[in-house]
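Okay, thanks everyone, I'll keep this short. Let me put the structure up and then walk you through one helix pair and a couple of backbone oddities.

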Amino acid sequence: MDNRAEVREFLLSRRAKITTRQAGLPDAGTRRVPGLRRSEVALLAGVSVEYYAKLERGAIAGVSASVLNALARALQLDDAERAHLFHLAHAADGTSAGMRPRRRPARQWTPPPSLQWVLDRFSAPAIVRNGRMDLLATNHLGRAMHAALYERTPGEGPPNFARYTFLDDDSHHFYPDWDGAADTCVAILHTEAGRDPHDKALHDLVGELSTRSESFRRRWSAHDVRYHGAGTKHFRHREVGGLELAYESVDMISEPGLTLTLYAAEPASPTAHALDLLASWTAGQQHAPDSLTS
């Protein structure tokens, strides 16, 4: 994941998504490729065509925040895309490591007792993952909900949502909207790659998935990014059937680089009854977290 190549492909992909009508420009002449021309992006951003061409070749180190903001406006980037552009620029000029409050601990990470207490107090599924989509900690119901991931994770290391999604056919059953889940998974990985371009484990994961999954390769080449804050997800659990769960995801200030996701079912809904059934089936089993990769 060379930074210059990532910058180039990201800007090209965003430019291709904007039409002249969306940009408020006249549609003049036949276009060989979709989206805006370089000259049109330069006009909208208030820079020279030569300067924008240099940026699109990946030479983004040292670019000022005002220029990055102008590019974001010209390309109509959303909040996640704008943040990704800034992360790429910081990585290019070497400032990303200093700006990121990310610890580099030993490779083994165990949820501290206080975090596990918090998870266990929550009555619906709760999980903790990192930006590589490793499932690092759960409460009891969260583990029961993701039992297939744990059972299908070979040997060492934590379950990984990306490997499960793209390399395990069971994921097509677990995610009724598999395409949506796959798109979200890759967008989160791309967002993490922009934040932490020197994460070797992430490089290795992307290389593995690119080699083994055409579906992953196609989505990775789209260079989509997103925030994963809140919404509704659908699952199909093999024991209790369909689940429609609202979720809230928050970055953990006390554990930089980790995300806590809390799920909840509408009261008295079929999903609430299904979670009650799942909880009753697994009651009495003690959750004992393993040491996991962070």
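So, this one is a predicted model. Start with helix H6, residues 79-92, and helix H13, residues 178-195: their axes come within 7 Å and cross at roughly 35°. On the H6 side, the contact uses His84, His87 and Leu88; H13 brings His190, Thr191, Gly194 and Arg195. If you sort those residues by type, you get one nonpolar, five polar and one charged.

Staying with H6, how many of its 14 residues are buried? Ten of them, so the helix is mostly covered. Among the buried ones are His84 and Leu88, which you just saw touching H13, and also Glu81, Phe86 and His90.

Now the ends of H6. At the N-terminal end, aspartate 78 acts as the cap, with a side-chain oxygen 3.1 Å from the backbone nitrogen of alanine 80. After the helix comes glycine 94, with a positive phi near 85°. As for length, 14 residues at 1.5 Å a residue should span 20 Å, and the end C-alpha atoms of H6 are indeed 20 Å apart, so the two agree.

Okay, backbone oddities. Most residues other than glycine have a negative phi. Histidine 223 has a positive one, about 60°, and you'll find that residue in the loop between helix H15 and strand E4. Alanine 268 also has a positive phi, near 65°, in the loop between strand E6 and helix H16.

Buried or exposed, for histidine 223? Buried, because its relative accessibility is 7%, under the 20% cut-off. Alanine 268 is at 66%, so that one counts as exposed.

Terms used. Residues are numbered from 1 along each chain as its sequence is written. This is a predicted model: local features need pLDDT of at least 70, side-chain atom pairs count only at pLDDT 80 or more; totals for chains, interfaces and linings use all residues. Side-chain values use heavy atoms; hydrogens and water are left out. Helices (H or I, at least four residues) and strands (E, at least two) are DSSP runs, numbered from the N terminus. Buried means under 20% relative accessible area, exposed over 50%, partly exposed in between (1.4 Å probe, protein chains only). Axes are lines fitted to C-alpha atoms, for helices over the stretch in contact, and angles run from 0 to 180 degrees between N-to-C directions. Contact means heavy atoms within 4.5 Å. Ala, Val, Leu, Ile, Met, Phe, Trp, Tyr, Cys and Pro count as nonpolar, Asp, Glu, Lys and Arg as charged, and the others, Gly among them, as polar. The expected span of a helix is 1.5 Å times one less than its number of residues. A polar contact is a pair of N or O atoms within 3.5 Å; within protein, one must be able to donate a hydrogen and the other to accept it, and residues adjacent in sequence count only if both atoms are side-chain atoms.
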